[in-house]
Amino acid sequence: MNEGAKVIRLDVNSVEPRPRPNPRRWPEQPQQPSPVTALSDRRPGMPRPEAKSLSELLRDAAAGQIAKTAEFARRRLTGDYQVDEFGYDEHLLETFILPALRPLSEYWFRVEVDGIEHIPATGGALIVANHAGTVPLDGLMLQLAIHDKHPEQRALRLLAADLIFELPVLGALARKAGHTLACHPDAERLLRSGQVAGVFPEGFKGVGKNYTDRYKLQRFGRGGFVSAAVRTGVPIIPCSIVGSEEIYPKLADIKPLARLLGLPYFPVTPLFPHLGPLGAVPMPSKWYIEFGEPIATTGYAPEEADDPMTMFEVTDQVRETIQQTLYKLLAKRRNAVLG
């Protein structure tokens with residue numbers, strides 16, 4: 001070493017280490033609050049939301065039901081409800097009849113509705129549908145579907161056979177639900193007043209046919225429903241219902257017993273009558289209800305309502321539309337239970 005060379009000594013403790021980049025470390029991102037943190041960030045003074053226990057939820061539900069029942073009883077006792085000239089009791093329908101039908105429609109039949117937009121928001125209209133099922137539950141399911149699915153929650157006023165209104169209890173309930181006799185005067189009064197009326201032209205021939213004839217439309221009668229629509233100028237809306245044929249598969253008819261009881265038929269199904277009251281439980285099936293495009297009647301003169309040939313042509317058009325839609329819906333579903 002040269003004598004003039006300077007010796008530089010470094011104090012290791014006085015030198016700050018240079019930070020070395022970590023190639024495995026991602027650049028820091030601004031931390032986003034988690035949903036739990038965001039919900040828990042409350043302003044000062046804001047009360048903390050507390051989760052209710054199951055017993056509290058049940059207690060609140062029971063209290064709400066008790067309040068609804070008390071309000072229903074108050075209105076019935078004080079007469080705070082209206083009944084129209086046909087006996088239609090909207091308050092009873094909204095608070096008792098329709099709520100009793102919803103579990104059957106939503107969970108047992110799982111009804112799907114299509115074409116509800118074809119039913120007008122205001123004014124009269126005539127719904128014409130196929131009829132089946134041994135017990136005519138299709139009328140009730142149709143009424144519930146129109147009320148719950150239509151934006152205006154329109155009430156369907158069914159035109160039913162005389163036998164329905166002769167039955168004890170059921171006849172009175174049918175009147176209060178808004179239904180009336182399937183006759184020209186009642187049909188035209190409903191349609192002229194802007195109501196949505198419903199008719200099943202097959203009648204008992206349709207609802208009481210054997211399971212082997214399912215989804216084959218029976219004769220539509222003389223077209224009386226068409227003449228009522230023509231006289232009042234309301235549209236006719238074809239409606240096809242799939243699923244009702246399987247709820248009580250009718251295998252046979254005990255005609256002597258039916259005549260004795262004054263019934264159009266006495267059905268034998270896989271469960272009735274040998275299982276007694278248990279046989280009255282409908283079998284589960286997947287339902288489809290589809291409303292077709294309205295058939296206008298404003299192009300006919302009122303006097304054409306008395307022309308049998310004209311009425312037959314329109315009747316046949318409605319019947320063919322319903323039948324073809326039934327075939328389409330049957331081809332779409334996988335089986336009667338799953339849909």
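This is a guided tour of a predicted model, one selection at a time.

**The whole chain**

Start with everything shown as a cartoon. The protein has 339 residues, and 37% of them are buried. Its secondary structure amounts to 11 helices and 9 strands. Now think about contacts between residues with a separation of 6 or more: 76% of these link residues 24 or more positions apart.

**The sheet**

Select the strands. An open sheet is built from 7 of them, with mixed pairing. Read across it in the order 1-9-6-2-5-3-4. Which strands stand at the edges? They are strand 1 (112-114) and strand 4. Each has a single partner strand, so one side of each has no neighbour in the sheet.

**Strand 6**

Select residues 236-242. This is strand 6, and 7 of its 7 residues are buried. Turn on the side chains. Ile236, Pro238, Ser240 and Val242 point one way. Ile237, Cys239 and Ile241 point the other way. Both sets are buried.

Next, add the two partners. Strand 2 (residues 125-129) runs parallel to strand 6, joined by 4 bridges. Strand 9 (residues 288-291) pairs with strand 6 in the antiparallel sense, also over 4 bridges. Centre on Cys239. Ala129 stands opposite Cys239. In strand 9, Phe291 is the bridge partner of Cys239.

**Strands 2 and 5**

Step across from strand 2 to strand 5. These two pair in the parallel sense over 4 bridges. To find one pairing, select Val128 and its bridge partner in strand 5, Val199. Helix 9 (residues 224-232) packs on the sheet here, touching strand 2, strand 5 and strand 6. The direction of helix 9 makes about 165 degrees with that of strand 2.

Now select residues 308-332. This is helix 11, which lies across strand 2, strand 6 and strand 9. Helix 11 runs at about 30 degrees to strand 6.

**Strand 3**

Select residues 156-160. Are the residues of strand 3 buried or exposed? The count is 5 of 5 buried. Leu156, Leu158 and Ala160 lie on one side of strand 3, with Arg157 and Leu159 on the other. Both faces are covered.

Strand 3 has parallel pairings to follow. One is with strand 5 (residues 196-199), over 4 bridges. There, Leu156 stands opposite Val196. Another is with strand 4 (residues 180-181), over 2 bridges. In that pairing, Leu159 stands opposite Thr180.

**Helix 7**

Select residues 184-192. In helix 7, Asp186, Ala187, Glu188, Leu190 and Leu191 are buried. What covers them? The cover includes strand 2, strand 3, strand 4, strand 5 and helix 9. Move on to Gly194, just after helix 7. Gly194 takes a positive phi of about 85 degrees.

**A helix pair**

Leave the sheet and select helix 2 (residues 54-78) and helix 3 (residues 90-108). Their axes come within 12 Å and cross at roughly 155 degrees. Angles over 145 degrees count as roughly antiparallel, and helix 2 and helix 3 are therefore roughly antiparallel to each other. Their crossing is left-handed.

Show the side chains where they meet. Helix 2 contributes Phe72, Arg75 and Arg76, while helix 3 contributes His91, Leu92 and Thr95. By class, this contact has 2 nonpolar, 2 polar and 2 charged residues.

**Stops in the loops**

Finish with some backbone details.

- Select Phe272 and Pro273. A cis peptide bond joins them, with omega at about 10 degrees. Pro273 sits in the loop between strand 8 (267-268) and strand 9.
- Select Thr134, in the loop between strand 2 and helix 4 (137-149). Thr134 is not a glycine, yet its phi is positive, about 70 degrees. Thr134 counts as buried, at 7% relative accessibility.
- Select Val169, in the loop between helix 5 (162-166) and helix 6 (170-176). Val169 also has a positive phi in a residue other than glycine, near 70 degrees. Is Val169 buried or exposed? Val169 is exposed, with a relative accessible area of 63%.

Terms used: Residues are numbered from 1 along each chain as its sequence is written. This is a predicted model: local features need pLDDT of at least 70, side-chain atom pairs count only at pLDDT 80 or more; totals for chains, interfaces and linings use all residues. Side-chain values use heavy atoms; hydrogens and water are left out. Buried means under 20% relative accessible area, exposed over 50%, partly exposed in between (1.4 Å probe, protein chains only). Two strands pair if DSSP finds at least two bridges between them. Contact means heavy atoms within 4.5 Å. Axes are lines fitted to C-alpha atoms, for helices over the stretch in contact, and angles run from 0 to 180 degrees between N-to-C directions. Angles under 35 degrees count as roughly parallel, over 145 as roughly antiparallel, 65 to 115 as roughly perpendicular and the rest as oblique. A crossing is left-handed if the near helix is turned anticlockwise from the far one by less than a right angle, and right-handed if clockwise. Ala, Val, Leu, Ile, Met, Phe, Trp, Tyr, Cys and Pro count as nonpolar, Asp, Glu, Lys and Arg as charged, and the others, Gly among them, as polar.
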